[in-house]
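Hi,

Here is the model I promised to pass on. Have a look at it first, and then read my notes below.

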Amino acid sequence: MTADDIHIEIDPRDPTAPYEQVRARLSELARSGALPVGHRLPTVRGLAERLGIAANTAAKAYRALEADGVIETRGRNGTFVAAAGEAADKEAAAAAAAYAQRARRLGLDAGTARAAVEEALRAAYRTR
């Protein structure tokens with residue numbers, strides 16, 4: 001897959017911000033393996049031009065992806081897909097462990113804590 005093969009569509013009717021649409025799609029492509037680890041991504045300007053969005057929007061998506069460990073910027077060498085699946089899985093496990101500890105300190109029983117997580121997941125995934 002080349003940078004030109006990356007297919008992302010921005011839906012102007014979607015209430016999700018354009019940068020988040022880009023972030024979510026690139027993250028999905030990386031986690032699925034469609035964009036393999038080490039794959040070079042287009043420049044911020046190149047991505048913005050290809051998608052018809054502002055360069056700042058593309059840059060915001062790249063910053064979020066880098067913060068999530070999905071991509072890595074190697075200075076003048078470019079931006080590449082990182083080992084996103086492993087990083088995301090580790091971060092999710094750490095967040096789950098922190099939540100479980102906090103829920104226990106608050107005195108919640110396991111069923112109540114689990115119900116809160118399930119409701120939060122329903123709310124988060126309903127918007128996508």
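To start with a detail: which ring does the charged end of Lys60 sit over? The ring belongs to Tyr19, and its centre is 4.3 Å from that charged end. Another contact of this kind involves Arg74, which lies over the face of Phe80 at 4.0 Å from the ring centre. As for aromatic pairs, the structure holds zero of them. Keep in mind throughout that this is a predicted model.

Now the overall layout. The chain has five helices and three strands, and reading along the sequence gives the pattern α-β-α-α-β-β-α-α. Its C-alpha atoms fill a box of roughly 50 × 35 × 25 Å along the principal axes. Of the 128 residues, 27% count as buried. The domain assignment splits the chain into domain 1 (16-80) and domain 2 (83-124), and the centres of domain 1 and domain 2, taken over C-alpha atoms, are 27 Å apart.

For a feel of the distances, take Arg105 and Ala58: they are 47 residues apart in sequence, and their C-alpha atoms are 40 Å apart in space. Arg105 belongs to helix 4 (residues 84-105). Arg105 counts as exposed because its relative accessibility is 59%, and the cut-off for exposed is over 50%.

On to the charged side chains. Side chains of opposite charge can pair when their charged atoms come close, and here the count comes to seven salt bridges. Let me go through three of them.

The one I'd look at before the others joins Asp68 and Arg23, with 3.8 Å from N to O. This pair links distant parts of the chain, 45 residues apart: Asp68 sits in the loop between helix 3 (55-67) and strand 2 (71-73), while Arg23 is in helix 1 (residues 18-32). Is Arg23 buried or exposed? With a relative accessible area of 10%, Arg23 is buried, since the cut-off for buried is under 20%. Its partner Asp68 is partly exposed, at 29%. Glu20 comes into the picture as well: Glu20, Arg23 and Asp68 are linked in a network of salt bridges.

The next salt bridge is between Asp11 and Arg13, whose closest N and O atoms are 3.4 Å apart. Asp11 is partly exposed, with a relative accessible area of 29%, whereas Arg13 is exposed, at 73%.

The last of my three is Arg122 with Glu119, where the closest N and O atoms are 3.0 Å apart. Both residues lie in helix 5, three residues apart, which is about one turn of the helix. Arg122 has a relative accessible area of 48% and is partly exposed; Glu119 is partly exposed too, at 39%.

Helix 5 also brings me to the surface. Which residues form a nonpolar patch there? They are Val117, Leu121 and Tyr125, and together they have about 300 Å² of accessible area. Leu121 is placed in helix 5 (residues 110-126). Why does Leu121 count as partly exposed? Its relative accessible area is 43%, and partly exposed covers the range between the 20% and 50% cut-offs. That value also fits the patch, because patch residues need over 30% relative accessible area.

That's what I have for now. Happy to go through any of it with you.

Cheers

Definitions and conventions. Residues numbered from 1 in each chain as written. Predicted model: local features only at pLDDT ≥ 70, side-chain atom pairs only at ≥ 80, totals over all residues. Heavy atoms only, no water. Patch = residues over 30% accessible without salt bridge, like charges linked within 9 Å, V, L, I, M, F, W, Y side chains within 5 Å. Areas by Shrake-Rupley, 256 points an atom, 1.4 Å probe, with all protein chains shown as cover. Salt bridge = Lys/Arg side-chain N within 4 Å of Asp/Glu carboxyl O. Helix = DSSP H or I, 4+ residues; strand = E, 2+ residues; numbered from the N terminus. Buried < 20%, exposed > 50% of the residue type's maximum accessible area, 1.4 Å probe, protein only. Domains from an automatic or database assignment. Phe/Tyr/Trp six-rings, centres within 6.5 Å; stacked < 30°, edge-to-face > 60°. Lys NZ or Arg CZ within 6 Å of the ring centre and 35° of its normal.
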